Amino acid sequence: MKKENIKLYGKALYLATRIVELTEKTADVNLAREQILKNETNYKAKAIATAISYEIARRWGVLRKIIVLSQKEPLNKSSSLLRALLMVGTYELLFSKKKINFMAKAIEPYIKKITNIKILNRFKWVLNRVLEFNYPNPSKEDVLEYAFWKLFFPKWMTQKFLELYKENTLKILEILNTDAPITLRANIKKISAKKLLELLKEKYGFEGEISKLDDNFIVLKKSYPVVNIEEFQKGFFTIQDDVVGSFIRKLCENFEFKNVLDACAAPGRKTSYFSSLKENLKVFASDVSYRRLKALKRLYKTLSLPLPYLLVLDARKMPFKKSFDLILLDVPCTGTGTLRKHPERRWFLKEEDIEKKVNIQKEILNESKDYTSKYLVYSTCSLFKEENENQIKEFLEKNKNFKLIEEKRFDPSLEYKTGFYYAIMEKI
Ligand SMILES: C[S@@+](CC[C@H](N)C(=O)[O-])C[C@H]1O[C@@H](n2cnc3c(N)ncnc32)[C@H](O)[C@@H]1O
């Protein structure tokens, strides 16, 4: 390999290592990637580091298991940097067939700048053990083992998906491992989706088509770097899933309401679509997180939309003296519908988190029922029934003054980017 290529590869390995190290702390590979790469100007190294760190995020638990079995020692005995180096090295060795000494040589100049290069001796020693690891080859009949070693899903999660999807489980897991298409919502105050599509094609060569679910959306053919272009910064569009957007549009077009409370609103993708679609709608946006509400404010500013009434509040304790025509509860959830975009979530989510989320959702539902005069709308990006159908069934059984108008689940498929569920209820 040429000298400059080794330099580029070493830099990419180093950046990927820092992303992996930060992902361990934040449990969020997207956030870690943004922070580590924000001042990096080498675009090639950035792209390689991004690809490596996403693949590692997907395989997180599998790589850790291989390292522990190979070094015969728990990982928490190593420093966070060494752990990250071993994750990157193991991934590159087993899945990209890179040579151990080559990796060590390439990354050495960058490691030298931050710590003693003796760390690379341990790196090489462990990777030589990893090289002897006998990678299991389970058959598809052994679903849990196959899903773990071949598709990289923790066994408890595959078990939950088996209850939901039965013989289709492996197919769904395979889809969850594919890249999701990017969908853009045109800011209809500034440009139509059709015109935006033409502009993106002409100016940047981005290919896409108008969404079949909502014609204010564009489904792009590839993961183009849309956030880097001036039209994004100028608010001609925002990134939102078209499945989700079409649901907000349906509410606006098929239901009568003059005001809306979006009680878990931040960072405001759904709220801002309400504001775009219905000019005279009074919009109230609340969230428990002040930091996330600031992101909502930024989004409104970029889209040049008039700010909604903003409130920092815990939706389990609402302070209102009046009621709203429609309350949207886009509740905190396990996010299992978004595993395509957040591959690390499968490893950082624990089975016991489901119950915790279900309890918060229940409390939010129970609190908000007194503050709506017409509609109570509930949504999640979870796939689990406990957070969706079962939650709403129980609520309706206990609250006979509400009736279900419509409930829908979108399971991940090649057509739909995310898993999404909603229930529209009316007060009677
Ligand atoms: C699924 S996200 C909402 C996404 C948002 N609706 C959008 O489309 O951009 C859930 C939100 O609920 C907020 N949240 C969590 N617990 C809450 C609570 N007890 N009360 C109000 N908001 C809460 C989180 O801060 C998070 O912003």
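User: Why are H4 and H6 called oblique to each other?

Analyst: Let's set the value against the cut-offs. In this predicted model, the axes of helix H4 (residues 80-95) and helix H6 (residues 119-131) cross at roughly 40°. Angles under 35 degrees count as roughly parallel, and 65 to 115 as roughly perpendicular. The angle of roughly 40° fits neither range, so H4 and H6 are oblique to each other. Their axes come within 10 Å, and the crossing is right-handed.

User: What makes the contact between H4 and H6?

Analyst: From H4 come Leu81, Leu82, Leu85, Leu86, Gly89, Thr90, Leu93 and Leu94. H6 adds Ile119, Arg122, Phe123, Val126, Leu127, Val130 and Leu131. By class, that contact has 12 nonpolar, two polar and one charged residue. Gly counts as polar here.

User: How do you know that H1 and H3 are oblique to each other?

Analyst: The same kind of reasoning works. Helix H1 (residues 3-26) and helix H3 (residues 43-71) pack at an angle of about 45°. Roughly parallel needs an angle under 35 degrees and roughly perpendicular needs 65 to 115, so about 45° is oblique. The axes of H1 and H3 are 8 Å apart, and their crossing is right-handed. Residues in the contact include Leu8, Leu15 and Ile19 of H1 and Ile48, Ile52 and Ile56 of H3. The contact of H1 with H3 has 12 nonpolar, two polar and three charged residues.

User: Now the sheet. Why do S7 and S10 count as edge strands?

Analyst: The order of this open sheet is S7-S6-S5-S8-S9-S11-S10, with mixed pairing. Strand S7 (309-312) and strand S10 (402-410) each have a single partner strand, so one side of each lacks a neighbour in the sheet. On average, neighbouring strands are turned by 15° against each other, direction ignored.

User: How do you know that S10 and S11 pair?

Analyst: Pairing takes at least two bridges. S10 and strand S11 (residues 420-427) have eight bridges, in the antiparallel sense, so they pass that test. In one of these, phenylalanine 410 has phenylalanine 420 in S11 as its bridge partner.

User: Which helix lies across S9, S10 and S11, and at what angle does it run to S10?

Analyst: That is helix H17 (residues 389-398), running at about 175° to S10.

User: Last one: what surrounds the ligand?

Analyst: There are 17 residues around the ligand, and the closest are Cys264, Arg269, Lys270, Ala315 and Asp330. By class, the shell has eight nonpolar, two polar and seven charged residues.

How values were computed
Residues are numbered from 1 along each chain as its sequence is written. This is a predicted model: local features need pLDDT of at least 70, side-chain atom pairs count only at pLDDT 80 or more; totals for chains, interfaces and linings use all residues. Helices (H or I, at least four residues) and strands (E, at least two) are DSSP runs, numbered from the N terminus. Axes are lines fitted to C-alpha atoms, for helices over the stretch in contact, and angles run from 0 to 180 degrees between N-to-C directions. Two residues are in contact if their C-beta atoms, placed from the backbone, lie within 7 Å. A residue is near a molecule or strand if its C-beta atom, placed from the backbone, lies within 6 Å of it. A crossing is left-handed if the near helix is turned anticlockwise from the far one by less than a right angle, and right-handed if clockwise.
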